[in-house]
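User: I am new to this structure and would be grateful for a close look at its aromatic rings. Please also describe the sheets that accompany them.

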Amino acid sequence: MRRKDKCRGRAAGRLAGGLAGLFFALAVLGQGADGHMAAVYAQEEPVTDTQYESEENKQEESVSENAIKYIERSSDRVITDEDRADADEDMLYYMQSLEVRYHLDEKVMESLHKVFDSAVYYIANTEMSLTELWTYVSSVKSSMESAAVEKVTQTTSEFLQVGDNWQTPIVSYGQGVSIVLPIVNFGTEELNDLIVEPVTSTLVTEWPFEPDMTNYLQTEPYIPGCRTKEQAMENRREFTFHFKTRSDVMSGYYPLKFHISYTKAGIRSEEPAELTVYVKTIGKPGSGIIGGNGQEASGAKPRIVVTGFETEPASVYAGETFTLTIHVKNTAVDTAVTNVLFDMQAAQEGEDKTNTYSAFLPTSGSSSVYMEKIAPDTSADIEIEMTAKADLAQKPYVLDVNMKYDAATVFDLTDKASVSIPILQESRFDTSIPEVVPDTVEVGSQSNVMLSIYNTGKTTLYNVQVKFIADSIEEASAFVGNLQSGNTGNVDVMLTGAAPTMDDGIVKLEISYEDEAGNVTTAQKEITLFVTEPIMDDMMMGDMMGGDMMMDGEEGGKPRTGLIVAIVAAVIVVAAAGLIVFFKLRKKKRAAAAEAAELAELEKELNE
């Protein structure tokens with residue numbers, strides 16, 4: 001049998017043995033509900049070239065079917081049994097492809113089966129999202145790849161191979177390394193004019209080293225042909241390549257491919273042979289894992305969360321400009337986030353779809369804030385100056401914080417958070433001109449005071465009440481209640497004179513109300529009401545004087561006590577009236593003096 005046919009027969013035998021082991025593992029997992037194992041029997045038979053080619057065709061058809069079938073792999077929905085079956089099938093096919101690709105022996109396949117069985121059990125007994133499922137599958141496949149290639153090399157040439165003395169090097173990020181590639185000619189014919197060149201790339205997912213040279217090719221005049229393996233190893237050629245590991249290298253096993261061109265029996269090879277070895281790399285924390293789909297590169301997906309916010313000023317009123325400071329944190333413990341873009345979008349307000357607007361508008365015209373980097377497990381602050389619309393009602397308004405960022409080799413990750421900013425409205429009110437009827441009363445008499453209170457603001461005034469305070473009246477109050485925006489409350493109170501007025505006749509109106517938080521606001525206004533002593537009318541005075549005089553005549557002209565009292569009372573009334581006139585004149589004089597002083601001060605400022 002030719003050498004090529006022998007190799008094919010051995011590979012087919014290994015494949016059959018590996019599949020038998022796999023069926024056994026699946027049989028162990030396929031226990032029935034009654035606890036008995038479902039029996040699966042496999043009988044080894046010699047594998048012919050025709051059967052092997054048939055197996056290759058089936059695998060190609062399987063690959064074609066997998067290429068046609070679309071499997072959803074990214075979603076937040078919880079996985080189903082169908083999703084689990086797809087994942088198991090994907091891992092099984094990948095394990096089979098590793099066995100064929102690397103010609104794995106029984107010991108290595110046993111390790112792969114353990115990884116596969118553990119993954120199937122975990123998926124079957126764990127609830128997770130679809131994205132988490134396929135992220136886990138990618139990590140399992142990476143583990144399988146690592147187990148398969150740790151001590152395995154690959155060649156596309158039937159006589160050019162990597163020497164048995166090859167050991168997979170281990171390098172760390174930023175570290176220099178020398179790769180010594182031993183090439184063995186297992187053919188019986190001499191190879192001449194060899195050119196060996198690594199296949200490089202600028203992508204960190206394909207090549208772990210800095211591309212600091214235009215080419216790395218090396219040459220060798222010849223490698224003699226040999227008839228035994230020992231002779232071939234003794235005549236091997238070793239090629240040394242010096243590289244520097246990238247600072248952003250990912251962790252895992254990178255394949256290093258080398259193209260080898262040569263001349264054999266005077267004929268130049270049409271296509272170069274390709275040899276593949278592996279190098280194990282150790283990247284920075286959070287740098288990612290080589291061989292996955294990118295989502296699992298940093299383990300768990302990094303998250304940016306909003307931990308709080310504050311405004312300056314602390315109380316934001318409608319129509320005012322304020323500075324918003326939002327506190328954010330990168331919750332990942334080992335992965336930095338970069339190129340972070342925050343976009344703040346306020347809730348839409350308006351009565352209908354044709355009349356909507358944002359509650360907050362950025363003063364700079366842009367609602368986006370850029371941050372270059374947030375280190376792992378680190379907090380940061382973002383600031384933006386905004387203006388609250390003047391016609392906003394008094395309530396909290398939602399501001400959405402949309403975040404877009406990169407993490408290691410994963411790009412365009414997104415997160416969203418919201419903050420609620422309370423907006424206040426200035427409470428305002430006005431009153432009508434109070435009506436005081438009459439404006440002068442005697443002690444013990446009453447005056448009717450009427451006025452209206454208008455809520456001219458955009459917020460409700462709660463528990464509105466009015467108190468009347470002065471030394472000359474009995475204290476009185478009126479409760480108006482709650483006044484909605486634009487509503488009017490009426491006050492109608494009877495004030496009773498308690499003592500004669502000894503001042504300007506000012507009665508204070510203390511108007512108070514509460515806001516939604518129960519905070520009390522008080523404002524004052526004034527009315528004028530004079531209170532005097534009781535005054536006897538002319539008839540009463542005449543009666544008193546006439547009666548007294550008659551009594552005096554009857555008594556022989558001697559004055560009586562009633563007459564004296566009447567005269568004294570008249571004098572007091574005249575004096576009280578004089579005092580009232582006096583106080584009014586004094587008030588006018590004071591007002592005139594104050595006005596004159598203000599005019600003098602103004603004239604002085606103008607002259608300066």
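Analyst: The following account takes up the aromatic rings, then the charged groups above rings, and then two sheets.

This is a predicted model, in which local features need pLDDT of at least 70 and side-chain atom pairs count only at pLDDT 80 or more, while totals for chains, interfaces and linings use all residues. Residues are numbered from 1 along each chain as its sequence is written, and side-chain values use heavy atoms, with hydrogens and water left out.

The structure holds eleven aromatic pairs. Rings of Phe, Tyr and Trp (its six-membered ring) are taken to pair if their centres lie within 6.5 Å; planes under 30 degrees apart count as stacked, over 60 as edge-to-face and the rest as tilted. One of the pairs joins Tyr122 and Tyr136 in a tilted arrangement, with 4.6 Å from centre to centre and 40 degrees between the planes. Tyr122 belongs to helix H4 (residues 106-124) and Tyr136 to helix H5 (residues 130-149), so this pair ties together parts that are 14 residues apart in sequence. Helices (H or I, at least four residues) and strands (E, at least two) are DSSP runs, numbered from the N terminus. Tyr122 is partly exposed, with a relative accessible area of 38%, and Tyr136 is likewise partly exposed, at 22%. Here buried means under 20% relative accessible area, exposed over 50%, and partly exposed in between (1.4 Å probe, protein chains only).

Phe322 and Phe360 form an edge-to-face pair, with 5.7 Å between centres and 80 degrees between the planes. Phe322 lies in strand S13 (residues 321-330) and Phe360 in strand S17 (residues 360-362), so the contact ties together parts that are 38 residues apart in sequence. Phe322 counts as buried at 1% relative accessibility, and Phe360 counts as buried at 2%. Elsewhere, ring pairs link Trp207, Phe209, Tyr216, Phe241, Phe243 and Phe258 into a cluster.

Charged groups also sit over rings. The term applies if NZ of Lys or CZ of Arg is within 6 Å of the ring centre and within 35 degrees of the ring normal. The charged end of Arg73 is placed over the ring of Trp134, 4.0 Å from its centre. The charged end of Arg237 is placed over the ring of Tyr222, 5.3 Å from its centre.

Strands S13 and S17, which hold the Phe322 and Phe360 pair, belong to an open sheet of four strands in the order S11-S13-S19-S17, with antiparallel pairing. Two strands pair if DSSP finds at least two bridges between them. Strand S11 (304-312) and S17 stand at the edges with a single partner strand each, so one side of each is left without a neighbour in the sheet. The twist averages 40 degrees from one strand to the next; axes are lines fitted to C-alpha atoms, for helices over the stretch in contact, and angles run from 0 to 180 degrees between N-to-C directions. Eight bridges pair S11 with S13 in the antiparallel sense, and the bridge partner of Glu310 in S13 is Thr325.

Another open sheet has three strands in the order S2-S4-S7, with antiparallel pairing. Its edge strands are S2 (160-162) and S7 (237-244), each pairing on one side only, and its twist averages 30 degrees from one strand to the next. Strand S4 (residues 176-185) is joined to S7 by eight bridges, and Val180 has Thr240 as its bridge partner in S7. Val162 lies in strand S2 and is buried, with a relative accessible area of 7%. The C-alpha atoms of Val162 and Thr276 are separated by 8.4 Å, although these residues are 114 residues apart along the chain.
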